[in-house]
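Here is a short tour of two sheets and two helices, written for someone who likes to know the cut-offs behind each term. Please keep the model open as you read.

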Amino acid sequence: MSNYLGAIDQGTTSTRFIVFDRSGRISSVAQREHEQIYPKPGWVEHDPEEIWRRTHEVIGAAMKEKGFRSKDLAAIGITNQRETTLMWNRRTAHAIHNAIVWQDTRVEDDVAEFAKNGGQDRFRAKTGLPLATYFSGMKIRWMLNNVKDARAMAEAGDILFGNIDSYLVWKLTGGPNGGVHVTDVTNASRTQLMDLHTLQWDKDLLDAFSIPAAVLPKIVSSSEVYGTAKVPEIEGVPVAGILGDQQAALVGQTCFDVGQAKNTYGTGCFLLMNAGTEPVLSKYGLLTTVAFKFGDKPASYALEGSVAISGALVQWLRDNLGLIAQSKDVETLARTVKDNGGVYFVPAFSGLFAPYWQSSARGVIVGLTRYANKGHIARAALEATAYQTREVLEAMELDSGHKIDALRTDGGMVEDELLMQFQADILNRDVLRPLIKETTALGASYAAGLAVGFYKNLNELRDKWGVDHTWKARMEEGEREKLFAQWKKAVTRSMNWVE
């Protein structure tokens with residue numbers, strides 16, 4: 001009997017394979033980083049071949065660690081960095097260009113051009129998304145227009161598009177030899193090419209972006225058997241769940257009820273709230289996206305606030321400035337000072353995402369005096385994540401009409417006690433860390449487990465969720481509002497930097 005589920009967690013900076021037991025506990029895990037490629041300012045790329053190698057490596061390593069065999073796994077789920085766009089030759093399996101990462105801003109001029117006709121919200125009613133450099137559609141268009149022979153090959157049906165989920169499923173299930181070309185509704189909803197209401201590719205959108213339908217994967221649910229793995233270590237195991245990383249965390253946090261919300265503190269910071277079975281269009285700068293769709297049940301939708309840079313700012317302090325040796329050292333450095341010393345760090349490295357959507361913004365550090373030191377900069381970097389989360393949460397409550405009484409958190413930064421306490425303080429709400437912290441991979445495994453009957457229903461999953469730690473607000477109201485007002489002032493200084 002198969003007593004385990006596997007999950008591929010393909011993120012912005014690394015790839016993991018985790019084996020979960022029936023209770024949702026980790027039995028085995030392996031992780032490998034991949035290169036971040038920066039060809040020009042604002043451009044961010046990944047090598048798809050390297051990502052596939054790392055995926056294969058971590059599968060093998062995690063299976064070997066505990067002596068697992070294919071028959072031990074009931075199914076495999078996949079969760080992935082969303083919007084990161086790649087196109088490959090369906091016959092040779094070679095990518096036609098490096099993957100263009102979600103953070104990449106090369107299509108900024110195209111976004112401005114598109115917005116001249118209908119404004120930034122030109123496609124929002126149909127897609128739930130504003131025009132921005134963030135989403136896949138504009139990146140596909142760039143590849144078709146800038147890679148030699150790409151458009152002709154695409155129109156001939158020789159090129160396939162996918163976010164990373166599609167690429168991995170295709171490779172896992174045989175690649176050029178019968179590989180399945182699919183994407184789930186959560187990833188499709190991040191392309192700006194799918195109609196949120198029909199959950200299908202939209203011809204008018206494809207025409208607007210000049211993208212031939214032949215390159216697109218079939219849209220499927222988040223939980224069904226798509227095919228079986230052909231990779232030796234997991235040969236024959238059903239590939240049965242796909243969720244974009246933030247939706248996977250929502251599922252892993254068992255936010256199955258309307259009004260439940262989670263925030264994932266990773267490379268970026270992503271707050272999602274279950275909005276129910278009808279899409280809620282935002283008036284306050286949030287995204288409307290598909291939360292999940294299990295089998296033939298109706299889709300659930302979410303409101304999302306996306307912050308481009310959170311954990312990546314800590315990496316920047318480490319790699320670009322050398323202020324810390326390891327990411328975890330940022331809390332120690334921040335604790336060398338009692339407060340931020342009046343310093344605010346707005347990390348608009350790729351522009352500002354929710355709720356502003358200002359692609360012309362750039363990062364700024366403000367409030368510097370001779371008093372300020374590296375401890376204040378470290379503290380300001382951590383606080384930036386908490387301030388941005390409050391901005392998103394307040395917009396979410398306005399859009400939804402639901403008050404978020406407690407925020408479920410996950411991601412690498414939830415181990416930072418200083419940040420989590422400040423988050424509770426600036427929100428004036430309880431902040432909860434779950435017992436099982438790997439919620440993104442866990443959500444993908446849940447989706448796969450539901451598809452093959454490993455789990456009976458959502459109530460069985462709800463029963464597995466528990467709280468590891470709760471942070472409660474301790475800050476005085478006057479101090480809270482003073483700090484937040486200064487943050488808002490700092491944000492204005494970052495705007496319209498790029499002419």
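The report below covers the sheets, then a helix that packs on them, and then helix α1.

This is a predicted model, in which local features need pLDDT of at least 70 and side-chain atom pairs count only at pLDDT 80 or more, while totals for chains, interfaces and linings use all residues. Residues are numbered from 1 along each chain as its sequence is written, and side-chain values use heavy atoms, with hydrogens and water left out.

Let's begin with the sheets. Helices (H or I, at least four residues) and strands (E, at least two) are DSSP runs numbered from the N terminus, and two strands pair if DSSP finds at least two bridges between them. Axes are lines fitted to C-alpha atoms, for helices over the stretch in contact, and angles run from 0 to 180 degrees between N-to-C directions.

| Sheet order | Pairing | Average turn between neighbouring strands |
|---|---|---|
| β17-β18-β16-β15-β21-β22-β23 | mixed | 30° |
| β3-β2-β1-β5-β14-β13 | mixed | 25°, direction ignored |

Both sheets are open, one with seven strands and the other with six. In the seven-stranded sheet, β17 (287-292) and β23 (467-471) are the edges; each has a single partner strand, so one side of each lacks a neighbour in the sheet. β23 runs antiparallel to β22 (residues 430-434), and four bridges join them. Within this pair, Leu432 stands opposite Thr470 in β23.

In the six-stranded sheet the edges are β3 (26-33) and β13 (223-228), and each has a single partner strand, so one side of each is left without a neighbour in the sheet. Strands β1 (residues 4-10) and β5 (residues 73-80) run parallel and are joined by seven bridges, with Ala7 opposite Gly77 in β5.

Helix α9 (residues 245-252) packs on the seven-stranded sheet, touching β15 (261-265), β16 (269-276), β17 and β21 (406-410); contact means heavy atoms within 4.5 Å. The direction of α9 makes about 55° with that of β17. α9 also packs on the six-stranded sheet, where it touches β5 and β14 (238-244) and makes about 105° with the direction of β14.

Now for α1 (residues 48-65). This helix has 18 residues and reaches 26 Å from its first C-alpha to its last, close to the expected 26 Å, which is 1.5 Å times one less than its number of residues. Its buried residues (under 20% relative accessible area, 1.4 Å probe, protein chains only) include Trp52, Arg54 and Met63. At the N-terminal end, Asp47 caps α1, with a side-chain oxygen 3.0 Å from the backbone nitrogen of Glu49. Just after the helix, Gly67 takes a positive phi of about 70°.

Note on methods
Buried < 20%, exposed > 50% of the residue type's maximum accessible area, 1.4 Å probe, protein only. Polar contact = N/O pair within 3.5 Å; in protein donor to acceptor, adjacent residues only side chain to side chain.
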